[in-house]
Amino acid sequence: MSDVVERTLSVLPGLLGQHDPGAGPGGAGGPGRASATSRLGSLIRSITALTSKHEEEKLIQQELTSLKVAVSAPTTTLRLMKECMVRLIYCEMLGYEASFGYIHAIKLAQQGNLLEKRVGYLAVSLFLHENHELLLLLVNTVVKDLQSTNLVEVCMALTVVSQIFPREMIPAVLPLIEDKLQHSKEIIRRKAVQALYKFYLIAPNQVQHIHDKFRKALCDRDAGVMAASLHIYLQMIKENSSGYKDLTGSFVTILKQVVGGKLPIDFNYHSVPAPWLQIQLLRILRLLGRDDPRMSELMYDVLDESLRRAEINHNITYAILSECVQTIYTIYPNSELLEKAAKCIGKFVLSPKINLKYLGLKALTYVIQQDPNLALQHQMTIIECLDHPDPIVKRETLELLYRITNGQNVIVIVQKMLDYLKETKEEYAIINLVGKIAELAEKYAPNNEWFIQTMNAVFSVGGDLVHTDIPNNFLRLLAEGFDDGKEDDKLRMYAVKSYLALLEEEDALYPQKFLQVMSWVLGEYSSLVTDVDPEVILTKLHSLLKKTFVTSETKVWIMAAVTKIASRTSSSKAVDELIQEFSNSLDTCMRQYAFELKNLCEDKALMKNLLPFDASCSDMVVDASLSFLDGFVAEGLGRGAAPYKPHHQRQEEKLSQEKALNFEPYRLSFASSVSSSGITGRQSPTGLSFGSDTSVNSAETGHKETSTLKLEGVRKLWGKEGYLPKKENKEGKEKEPQTVSCGSLSAGQVGDPPALRSDQVASISEEDKEKQQLASTLFIGLGSNAGVSLMGKADTATQKFKRKSKINEIQHSEEVSDFQNSTVSDFGPLLDTVPINVEDSEGSLHTRLRKASLCSSDIVEDNLAFEMPQSFKKSGLDERLSDNRLSQSSLFADSNIEIFQPSPSAQCESASKTPLVPSLPEELEELTHSEVVELCQSDALALYLCKVWTDDSLLLTVFVSNKTTAVLNAVNLVFEEAEHFQILESPSHQFPVIEAKSVERCQKCVWMGKICSQGFLSGSVNYQSEMEMHLDFSITLSLMDFIRPMEMTTEDFGKLWLSLSNDVKQNIKMSSSQGSLSAALNTLQQKLKLHIVDVIGNEGILACQLLPSVPCLLHCRTHSGMLALWFRSPCSALPDGLLYQCQKVMEES
Amino acid sequence: MIKFFLMVNKQGQTRLSRYYEHVEIKKRTMLEAEVIKNCLSRSKDQCSFIEYKDFKLVYRQYAALFVVVGIDHTENEMAVYELIHNFVEVLDKYFSRVSELDIMFNLDRVHIILDEMVLNGCIVETNRNRILAPLLVLDKVAES
């Protein structure tokens, strides 16, 4: 064995290195040579001889065992220890933890001589992370070394401090390090600045007082110290650029000196003066000059010089140039510099070196937002890069195209992205690109079919990697719809049809998220498609449920879809089969759904009520107090069950009990069962949940429910401005005539960009032609400098999916006004597309159009020319035309608006039909009351309701109005007994007689018996006309109808607070508009009628009572944008109910 | 910002690794394996920058040894590409014609050199004389 080692030893140097290994110039024959025969040497030799992972593991384990013995042996000298440390570093580098050695690394740093100490520090910085507890043991050593007279030791200590240091110990070393800023040696000053930079990063507050010392460092006579301070400044300026504007001049001067070669020659790298320093300065200037003409002015000169000086053809100058270009395009623009920078980008992009090309693409991507013309200039290069064999270059090109996408080139660009997606397997790239495609599709989709198909591609290619936002946004977009109901339904129908077609394929495997989207859409909208039997859809969904690749989460979605479809069909064999099959399922969740479905199917009316069509966007009222469970709870308590404890109380108890008993397993299984049953449903955008998991903490549930309804913070992608909207129309027009003249494009294609002259076109080969066609489709709609729109409001011209119909209008109105403003011949062709009804309704325009059509024969050419700007979008789509026709009518507002309005006379008629709306008697009019609303009507009677909120009850005033011309006798009004409400006197009222055309009223005082956030009080009216008539009505009452302010003193509050046992705590977020505590309290006072007892600092106390006299106390505290609410009440359900109301009003305000 | 600095040979064996953000040891080996796989899969005519997860890799090959630097999106790829070369030039100067074995047998010294150049993920020194100065002092002390 040792033989083998010996042989490898002698052979290796010859094989792997040209010369004697380990002989550094400083240590020739010294430490380097010695290692060749040491344990370290043999470890290295063994490592180089390794052939498999298995061998490596064996070797390192052996090594670790022997190291363990060695480091803890008292005989181990420091010199040996240093070697052990290097061996440990090796072990960790290969992936084997050697934590037993960490403490010895610290010891070595403490005790060793110089080189040993350095290795000790090195090992510490490699082994430990920022928050490692052992790090504290290093502090003493560092302090000692910082005070050392040996500069090498000071240097080492400073180095390690700037690498890794416990934040809480900064005060121990800070004064020492500050002293070092005045040290005579540059290296000490430089390292001190680096250490302060580290402190600034981990604890900016601690170094706040030495900001002027940073300035001193910036002005240090040594370039190295100055360079070190730039790191701090870059960071500080990033955080707050306005605070350092006064330094702009200094940075400019420094850069000027560096660029001018004023630094010592050894700062040069390949004869470029301090390139990394230049880059750092350019970054700082970029931050200072952004949006600031005055500061930018100061920089123009030096930037110009940087561009000029960086002409040596070396990689590093290109690095500087790309930073310089980026700075020029970020700061306040200077046309001369921009021109030079643009030329500079050309150098990159056209370079044959692939690295430079990449850099050029990146720079282009950055500047293209400011100057899209550059994309036109380099379009051929971009096209080449799009088909580049290097996927990285391709990807960067797609990034660039993403930035220049507009309504006209979206189809081509998205296609290119999808092509790339199909090739790549890298997860991160897929997620990233899929997100971009979805964004572009929503923003610029030219039509429904394309949008749905693109999203289908996104879901099937992106698979389950796609971000959850994408399916959620997509579904929300479908559900919320746009302005035009018909268009919405078309989109939904198309989606349904396309999914049905996809599900037709038997063996296709779709990603879970895609299946979920499909099932939701089918569930909600399949009934829009009338020519498909719901039974077919149900069968398809049923067969999906049986597939093994479908996860249980997806199954829940499918089940929800089945339930929704079933609610709209009378009876279905597929549903019956499904119920039967899953009633015995081992999956409890599925079994539950099957049972629910079964029960629902037995009561179709209830089912329809429960699952209304297309109501996914309407708000749901949630009974957060879960009062409907009260009976169940009471029963449970009666049987001796433990009373419910709020979550935080349970946690506290758990904490206190932790040492005695461990409840861990029970909790875990409970949590998982909850998440598998109800929660999944709740997170879906449908919010369809059967609420069966409500045994969880009710306050939490309530909160969750509301948070799913909350829409704040949701990204509205279609709300964004489109790309370069102002320039679109104009640009299109400018281009088109050329297109026609060079004749290289067929009717559906879009024009060539202006850069291509027709004479060039003539000589190009087939392949180039193809590329140019691609180019023309890609770069259409990109701006020219004359981008001022004719209309001044053309920024709406890009297509945003949401505002579809409106945009059509606007585009048309622009066209129409163009008509009137421009020469007739230019716009002749519009005749083809203008629908007849417009011509009829617009007399003057009509004649003008006629004139146009009579114009000479050269119109034909212009005809084409005009079609172009719109043609990409329309590209012969007939249904678009019909769309336009629809919106057209509203364009000519002046002339035909009246047709669409109901005539005034009709309105009068309908008004006269309604009988007198009753009003409250004077004595009640003074109290706070609701508006009078209609409850129900029959031929003879109309019932109206007004809620009057008196101090001690809710007064329901019901008006009964006799609409007939005859007297009505014996009208009986009866309230049914309600679970939650209590009518104080008798629940019925009889009107002996109601005269013709007159109104009678009755009043009932109501209290809330059982707490619920909202409930119904129903009743009926019986009266005798020709026969016994019966009229039902129902009144919605909310908890807030019964809450009254409760006035009390702070002392009383305190006493009462302590005596109350039921409490609920919750933090809710305050919107910026609410801002302060007082604003929040005002909201609560006004909207919820809570009484503000006292406000102390950032805390406030409020009180209210539930009629007749159940108090509820509220304690509010604000901290960092949150409002902490703490309710207490003798009634357990009241705090929950109020909390829900609070959340609601806080969100609304 | 620089996230990590690696030297890995063609066989995928790590010769030097320095992380400027804490990464668990187990994850390091996985990352390194993937990084080198990525680098090896690329040909000479492809660019030296790789988009990898949410950061970028800049790599440069010297004989059988790859130097790979992981950077975030604020960093200039070309500047880092040249930083690698500067680092190798410094090593070359110190070891007078550096080889893979030099690096292996003097891992501590290579680390000390790198620490002078890159600190906390920032490029702090690129002046060759200044980079080597502290190490040369240490060597001199050790010799005497």
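In this predicted model, strands E5 (residues 954–962) and E9 (residues 999–1008) of chain A run antiparallel and are joined by eight bridges. Two of the residue pairings give the register: Val960(A) sits across from Glu1000(A) of E9(A), and Leu956(A) faces Lys1004(A) of E9(A). E9(A) also pairs with E7(A), again in the antiparallel sense, this time over three bridges. Here Phe981(A) has Met1008(A) of E9(A) as its bridge partner.

These strands belong to an open sheet of five, and reading across chain A the order is E3-E4-E5-E9-E7, with antiparallel pairing. At the edges are E3 (933–937) and E7 (981–983) of chain A, each of which pairs on one side only. Going from one strand to the next, the twist averages 30°.

A second open sheet in chain A has four strands, in the order E8-E6-E10-E11, and its pairing is antiparallel too. Strands E8 (988–994) and E11 (1028–1038) of chain A each have a single partner strand, so one side of each has no neighbour in the sheet. On average, and ignoring direction, neighbouring strands in this sheet are turned by 20° against each other. Within it, E10 (residues 1014–1024) of chain A and E11(A) run antiparallel and are held in register by eleven bridges. Leu1017(A) is found opposite Ile1035(A) of E11(A).

Further along chain A comes a hairpin. Strands E14 (residues 1091–1096) and E15 (residues 1099–1106) of chain A pair antiparallel over five bridges, with His1091(A) bridging to Ala1103(A) in E15(A). Two residues separate E14(A) from E15(A), and the turn includes Gly1097(A), whose phi is positive at about 60°.

Turning to the helices, H30 (residues 552–567) and H32 (residues 588–602) of chain A have axes that come within 11 Å and cross at roughly 5°. That small angle is why H30(A) counts as roughly parallel to H32(A). On the H30(A) side, the contact uses Lys555(A), Val556(A), Met559(A), Val562(A), Thr563(A) and Ala566(A), while H32(A) brings in Cys589(A), Met590(A), Tyr593(A), Ala594(A), Leu597(A) and Leu600(A). Sorted by class, this H30(A)–H32(A) contact comes out as ten nonpolar residues, one polar and one charged.

A helix pair also spans the two chains. The axes of H19 (residues 354–367) of chain A and H2 (residues 77–95) of chain B come within 10 Å, crossing at roughly 150°. With that crossing angle, H19(A) and H2(B) are therefore roughly antiparallel. Chain A supplies Asn355(A), Leu356(A), Tyr358(A), Leu359(A) and Lys362(A) from H19(A), and chain B supplies Glu77(B), Met78(B) and Tyr81(B) from H2(B). The class split for the contact of H19(A) with H2(B) is five nonpolar, one polar and two charged residues.

Aromatic contacts were tallied as well, giving 24 aromatic pairs over all chains. One of them joins Phe451(A) to Phe474(A), with 5.8 Å from centre to centre and 50° between the planes, which makes the pair tilted. Phe451(A) is part of helix H25 (residues 448–462) of chain A and Phe474(A) is part of helix H26 (residues 469–480) of chain A, so the pair ties together parts 23 residues apart in sequence.

As for how far to trust all this, the predictor gives the complex an ipTM of 0.97 and a pTM of 0.61. Chain B has a mean pLDDT of 92, and 100% of its residues reach 70 or more. For chain A the mean pLDDT is 75, with 74% of residues reaching 70 or more. Among the elements of chain A, helix H15 (residues 275–289) has the highest mean pLDDT, at 95, and helix H48 (residues 893–896) the lowest, at 37. Two stretches of chain A deserve a mention here. Over residues 1–36 of chain A, pLDDT stays under 50, and the model has 44 contacts beyond four places in sequence for them. Residues 784–915 of chain A also stay under 50, and for these the model has 161 contacts beyond four places in sequence.

Conventions. Residues are numbered from 1 along each chain as its sequence is written. Chains are lettered from A and ligands numbered from 1 in the order in which they are written. This is a predicted model: local features need pLDDT of at least 70, side-chain atom pairs count only at pLDDT 80 or more; totals for chains, interfaces and linings use all residues. Side-chain values use heavy atoms; hydrogens and water are left out. pLDDT is the predictor's confidence in each residue, from 0 to 100. Contact means heavy atoms within 4.5 Å. Two strands pair if DSSP finds at least two bridges between them. Axes are lines fitted to C-alpha atoms, for helices over the stretch in contact, and angles run from 0 to 180 degrees between N-to-C directions. Angles under 35 degrees count as roughly parallel, over 145 as roughly antiparallel, 65 to 115 as roughly perpendicular and the rest as oblique. Ala, Val, Leu, Ile, Met, Phe, Trp, Tyr, Cys and Pro count as nonpolar, Asp, Glu, Lys and Arg as charged, and the others, Gly among them, as polar. Rings of Phe, Tyr and Trp (its six-membered ring) pair if their centres lie within 6.5 Å; planes under 30 degrees apart count as stacked, over 60 as edge-to-face and the rest as tilted.
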